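Student: Could we go through this model together, beginning with the ligand?
Tutor: Certainly; please have the structure open.

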Amino acid sequence: MDFDAIIDRRGTHSMKWDMMEARYGVSPEGGISMWVADMDFPAAAPIRAELDKMSRHGVLGYYGDDTSYLEAIRWWMRNRHGWEVDPAWIFTTHGLVNGVALAIDTFTAPGDGVVLFTPIYHSFARVAEAAGREVVECMLAEDEGRYALDFDRWDAQMKGHEKLLVLSSPHNPGGRVWTRAELEGIRDFCIRHDLLLISDEIHHDLVFPGATHTPFALIEGVEDRLIMMSATTKSFNIAGIHAGNVIIPDADLRARFAGRMAALGIWGNAFGFRLAEAAYSPEGAAWIDALVAYLDGNRRLFDEAIAAIPGVRSMPLEATYLAWVDFSGTGMGEAEVNARVLKQARLAANLGRTFGKGGENFLRFNFAMPRSLVAEAAERLADAFADLQ
Ligand SMILES: Cc1ncc(COP(=O)(O)O)c(C=O)c1O
C-alpha cells in the first residue's frame, strides 16, 4: 500500500488527466489534476490479483452466476456498515449515475420534479434534465461553516409535482456525513411531500475518524420509499469498471425497477462483477482503512494551506477526498479566482457553479493523490494568492 508513489496517468485515456486541458485549459505538462473524483493510486492487491487471473486465463466471455458476488456485497454491508442486505434486493447497473437515471426513468414521468439538495454532484441534475424532469434545487443552509438541512424553507418551496429526492449520503460536495437525526428529518420531509428517496451512498467507505455513516436503510419508516445505492468504485478507485448497485428493499418498487432493467436489456460486464467481488474482502477492508488514514493526512495538509490564505476557507470534511473551498471572502469574482487557480497555479479544479445553487464561489479540489503533489498544489495556491497575505 504505497500511496506516496507517483504514477504518471497521462496518455492512459484517463478522464482526469487526459481531458484536463480541454476542460480547464490546464496542461497536463506541469499542471496538477484535481477535478474528476478518482484517485491517483493503484487498485488494492486483491483487485489486481483478480485482474491478473482473468488476463492469465485469457477468455473474456459473458459473466454468469452472481451468487458469490451478491454474497460479497452482503458481507461488506454487514461487516462495514451494520446493514443486513437480502441478495434478492440487489441490482447491478452501469455505475450509479446510470442507477439514478434508471430510477428517475422508472419512478417518475416527464415534467415531474426531482429534488436535489444543492450544491450537489452535478450528474444528477444532468440526467434528470436530459430525461425531461424538472430539477428542484433546494439550497443547503450553513451551520458553523458546514452544510445543514433547511426543511422550513424547502417545505414552502414544494409545488406538489415533486416525486423523487436524490440524496448524496455522505454529501458531495462539502463532505457532510448526515447524522441519524438529520436522516430522520429527510425521511419526514419525504413522507410530508410523498417523495421516493434515492440514497446514493457511493462515498460511504471514505469517512474520517470522528464521523459515523448511517445507511439510510437503518432509518425506520422509510422502507416503502427507499432506493439505496452503493458501489465499490469510489472506495476502491476502480471507477473505470462502471458498475454500481441499486438495492431496493420494497417488493413493489423492486418489481418495477426489475421490469425497466429487463426492458432495457441491462446486465453488467464481467470486470465489474469480478473486481467488485475481489474488493469486498478482508484484504480490501484493510486497504480501505489504510487509504482513509492516508487521505486524512492529505486533508489536514490541504486544509492548513487553505486556512493560511486570508478570505479562503475549506469546509470541514467528514468524508470524501474532495475539498470544497469557498473563495467568497477574498472579494474576488469567479473569473479572477479561476484565473489564479487554473492559469497561475495550474490546478484543474471543478468549478463550484456546476454543482447548482450555492456553489457559485467555490472550487472543488480532489486531494486523493500522493502527498508530495498535495503539498505542491498547496504551495502553488499560497503563491497565487500571496498578495492577500
Ligand atoms: C454522489 C456520487 N454519485 C455517483 C458518482 C458517480 O458514480 P458512477 O461512476 O458509478 O456513475 C459520484 C462521482 O463522483 C458521486 O460523487
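Tutor: One term is needed before the ligand is discussed: a polar contact is a pair of N or O atoms within 3.5 Å. Please also bear in mind that this is a predicted model.

Student: Understood. How far is an oxygen atom of the ligand from the side chain of Asn172?
Tutor: The distance is 2.7 Å, from a ligand oxygen to an N or O atom in the Asn172 side chain. That pair counts as a polar contact because the cut-off is 3.5 Å.

Student: Which polar side-chain atom lies 2.9 Å from a ligand oxygen?
Tutor: That atom belongs to the side chain of Lys234.

Student: And what about the backbone of Leu96?
Tutor: A polar backbone atom of Leu96 is 2.7 Å from an oxygen atom of the ligand.

Student: How much of the ligand does the protein bury?
Tutor: The protein buries 94% of the 400 Å² that the ligand exposes when taken alone.

Student: Where does the ligand sit?
Tutor: The ligand occupies the largest pocket. Among the residues around the ligand are Ala37, Gly95, Val97, Tyr121, Phe124, Ser168, Asp200, Ile202 and His203.

Student: What is the make-up of that shell by class?
Tutor: Six residues of the shell are nonpolar, four are polar and two are charged.

Student: Back to Asn172. What kind of peptide bond links Asn172 to Pro173, cis or trans?
Tutor: The bond is cis, with omega near 5°. Pro173 belongs to the loop between β7 (162-168) and α8 (180-192). Asn172 thus appears twice here: its side chain has an N or O atom 2.7 Å from a ligand oxygen, and its peptide bond to Pro173 is cis.

Student: Where else is there a cis peptide bond?
Tutor: Thr118 and Pro119 are joined by one, and omega is about -5°. Pro119 is in the loop between β3 (113-118) and α6 (123-130).

Student: What is notable about phi of Glu144?
Tutor: Phi of Glu144 is positive, near 50°, although the residue is not glycine. Glu144 is placed in the loop between β5 (141-143) and β6 (146-148).

Student: Turning to the whole chain, how many helices and strands are there?
Tutor: The protein chain has 14 helices and 14 strands. Its C-alpha atoms fill a box of roughly 60 × 60 × 35 Å along the principal axes.

Student: Why does the radius of gyration agree with a compact globule?
Tutor: It agrees because a compact globule of 389 residues would have a radius of gyration near 21 Å, and the protein chain has 21 Å.

Definitions and conventions: Residues numbered from 1 in each chain as written. Predicted model: local features only at pLDDT ≥ 70, side-chain atom pairs only at ≥ 80, totals over all residues. Heavy atoms only, no water. Near = heavy atom within 4 Å. Polar contact = N/O pair within 3.5 Å; in protein donor to acceptor, adjacent residues only side chain to side chain. Areas by Shrake-Rupley, 256 points an atom, 1.4 Å probe, with all protein chains shown as cover. 1 Å grid on protein atoms, 1.4 Å probe; cavity = no way out; pocket = protein on both sides within 12 Å on 5 of 7 lines; lining within 4 Å. Sits in = over half its atoms within 2 Å of the grid points. Nonpolar A, V, L, I, M, F, W, Y, C, P; charged D, E, K, R; others polar. Helix = DSSP H or I, 4+ residues; strand = E, 2+ residues; numbered from the N terminus. Rg over C-alpha atoms; globule rule 2.2 N^0.38 Å.
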